[in-house]
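Biologist: I have a model open on my screen and would like to learn how to read it. Could you walk me through it, one feature at a time?

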Amino acid sequence: MYMIEVRNISKQFKVHQALNDVSFTVEQGSVTGLIGPNGSGKTTLIRIMNGVLGASGGQVSINGLDPFRETENVLAFCGTLTEQSGLYENMSGRDNLIFFAEAFGVQRAKARIDELVDLFELQEYQHRKVGTYSTGMKKRAGLARVLLHRPSILFLDEPTNGLDPDGIQMVLRIIRRLNQEEHMTILVSSHVLSQLSAVCDRYIFMEKGRKVEEGTEQEIVNRYLTSPRIEIEATIPDGWQTVIGYTPEIVSANKAIFQLQSREDIPLLLRQLTERGQVYQARITGSDLESIYFAIREAHHHE
Amino acid sequence: MNNRQAIRALVRKDIRAITASVQLWLPMLIVPLVIGIIMPGILIWTASRLELASLGNMSFLIDTLDNLTHAGQIPQLASMPTDNHRVVYYLALYMFAPLFLIIPVMASSILTANSFAGEKERKTLEGLLFTPMSMDTLFKGKVLAALIPSLLLSWITFIIYGIIANILMYPMFGAWMFPNLNWIILVLWVVPTCSLVVILLNVLISAKVRGFQEAYQLGGLVVLPLLALIAGQASGMLLISPLMLILVGAVLLLISFILLRLVTLWNSRQQLAESQI
């Protein structure tokens, strides 16, 4: 059974179509990246999956439950951090955690709060008002808030937004830890793909309220990298022109770029090059997820 | 989940938000202090000491009291020796009573507008909607968080006013004159039901608007019927009997039930979330 099943979800806000026939599944214990530019419908989708927002059409199942009919039961095992931390600025970080622990009905709240304060390194600031926190501290306290009730599904909406590199690394480290140690199913949205590529098992790409691509990194790369460009650094004594069947762009005496027809051409090219000289480096350009992301966006831009 | 625990948490959090914000608690203290303590205290003290007949514009009030005496609406007035006694008695026990409704109305409006529309404005409402707290719990918590401080404020003002009124009246009447049955019904029955109506009306408004200011301005409209009541009481045209007060409270309670039904009907989690997007 899938932990999250979204079937043909649409959402209309007055005249604006926020989501249009979106379907996907998320397996238990996986980390899924929900990728798309601002306004592509990621936050709306997260709200709908929690039952906080109604859909105009389609069905959602969260661990077998319908979030529209059994909202409170679904929310009891989901933790959701939206872009706003949701914390009360006039209260200290610790008082916020105490309040939400009571709102979530957390048992042995004090021990759980202490544990989370340690995990997010909030010891020093826990008694300060949240209004005085930096963006990073608010994000950490917000994460602590949504983990109070030990959710089995975590929805993180742009968790790295506004964070410095240290803050981003910390959030990613925590996502990895929660997934590996507590086997949490995590759906994390972002408009910056490169930040998520270190933690996600699968990706769902959104564009203008529609799902435009889905799969593991390898699946998506294979789908979009049909004619790879490969940059070679090598010493070819008789010159690059001696390589049969290709017309390389020669960058310098030791560097050239080959446009290939398919992935199958890569080993053939490398074999020829190693027969003719010394190959020091071969790199496929545009094969990283970021480049693929732009390729996907470009492909669906005019739809 | 434990609903009571969640309600208690909501009430504690909202009351803490009030005490932490001087913009909130200062007007809520100033209004009762002025209209519930200082102004009535000065007027009663003045009326007890001045030669009333020498004041031109007091003749209207004395005429009104004469009419009330003849009509037998306030029988106690007939046995009083001087105009000062009658004016002081009327001021302390009748005229200021509607003013005391302004206190819970004002406090309830500010508190509810802040707690609901304020949550939206500060972007914290969504955090609450993502908790497994039921909407019923959320509304109960929010209503109690406004009702408790509003009632405390009204009752404390009532007690202080009562002490001052008795201190000023005792030398004249030789007895503790305050409160009469009207005041007791007003404070224990009408003030709570009136607060409840104002709170629920403000919850309805706050759930639909986006910000505190908007909610407060719309919610302020409920003061208008009160002003009519004050004018009626001051002119002697609308002297409310204890029975009438009990009825007013009952009608207010009925309105509360209708409003409560509307609040739960019009404010599902999804509707609330959508209203703030």
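Modeller: Gladly! Let's start with burial: a residue counts as buried if 20 or more other C-beta atoms lie within 10 Å of its own, as exposed if 12 or fewer do, and as partly exposed in between. Keep in mind that this is a predicted model.

Biologist: What percentage of the 303 residues in chain A do buried residues make up?

Modeller: Buried residues account for 41% of them. As for the outline of chain A, its C-alpha atoms fill a box of roughly 75 × 45 × 35 Å along the principal axes.

Biologist: How many helices and strands does chain A have?

Modeller: There are ten helices and 13 strands in chain A. To see how the chain is tied together, look at contacts with a separation of 6 or more: in chain A, 70% of these are between residues 24 or more positions apart.

Biologist: Now the backbone. Which residue in strand β1 of chain A should I look at, given a positive phi without being a glycine?

Modeller: Go to A:Asn8, in strand β1 (residues 4–13). Its phi is positive, about 50°, although it is not a glycine. A:Asn8 has 13 C-beta neighbours inside 10 Å, so it counts as partly exposed.

Then visit A:Asn63, in the loop between β4 (57–62) and α2 of chain A. This residue is not a glycine either, and has a positive phi of about 50°. With 18 other C-beta atoms within 10 Å, A:Asn63 is partly exposed.

Biologist: And peptide bonds? Which two residues of chain B does a cis peptide bond join?

Modeller: Omega is the angle to check: it is about 0° for the cis bond that joins B:Phe178 and B:Pro179. You will find B:Pro179 in the loop between α7 (135–173) and α8 of chain B.

Biologist: How do I read helix α8 of chain B, and where does it bend?

Modeller: Compare its span with the expected one: α8(B), residues 181–208, has 28 residues and reaches 40 Å from first C-alpha to last, close to the 40 Å expected at 1.5 Å a residue. The bend is about 35° at B:Val190, and a proline, B:Pro192, follows within four residues.

Biologist: Why is α8(B) described as largely enclosed by the rest of the structure?

Modeller: Because 21 of its 28 residues are buried.

Biologist: Last one: how many residues does each chain give to the contact?

Modeller: Chain A gives 23 residues and chain B gives 25. On the side of chain A that touches chain B, the elements giving two or more residues are α2 (71–77) and α3 (93–103) of chain A. The residues on that side of chain A comprise ten nonpolar, nine polar and four charged.

How values were computed
Residues are numbered from 1 along each chain as its sequence is written. Chains are lettered from A and ligands numbered from 1 in the order in which they are written. This is a predicted model: local features need pLDDT of at least 70, side-chain atom pairs count only at pLDDT 80 or more; totals for chains, interfaces and linings use all residues. The expected span of a helix is 1.5 Å times one less than its number of residues. The bend at a residue is the angle between axes fitted to the seven residues ending there and the seven starting there. Two residues are in contact if their C-beta atoms, placed from the backbone, lie within 7 Å. Ala, Val, Leu, Ile, Met, Phe, Trp, Tyr, Cys and Pro count as nonpolar, Asp, Glu, Lys and Arg as charged, and the others, Gly among them, as polar.
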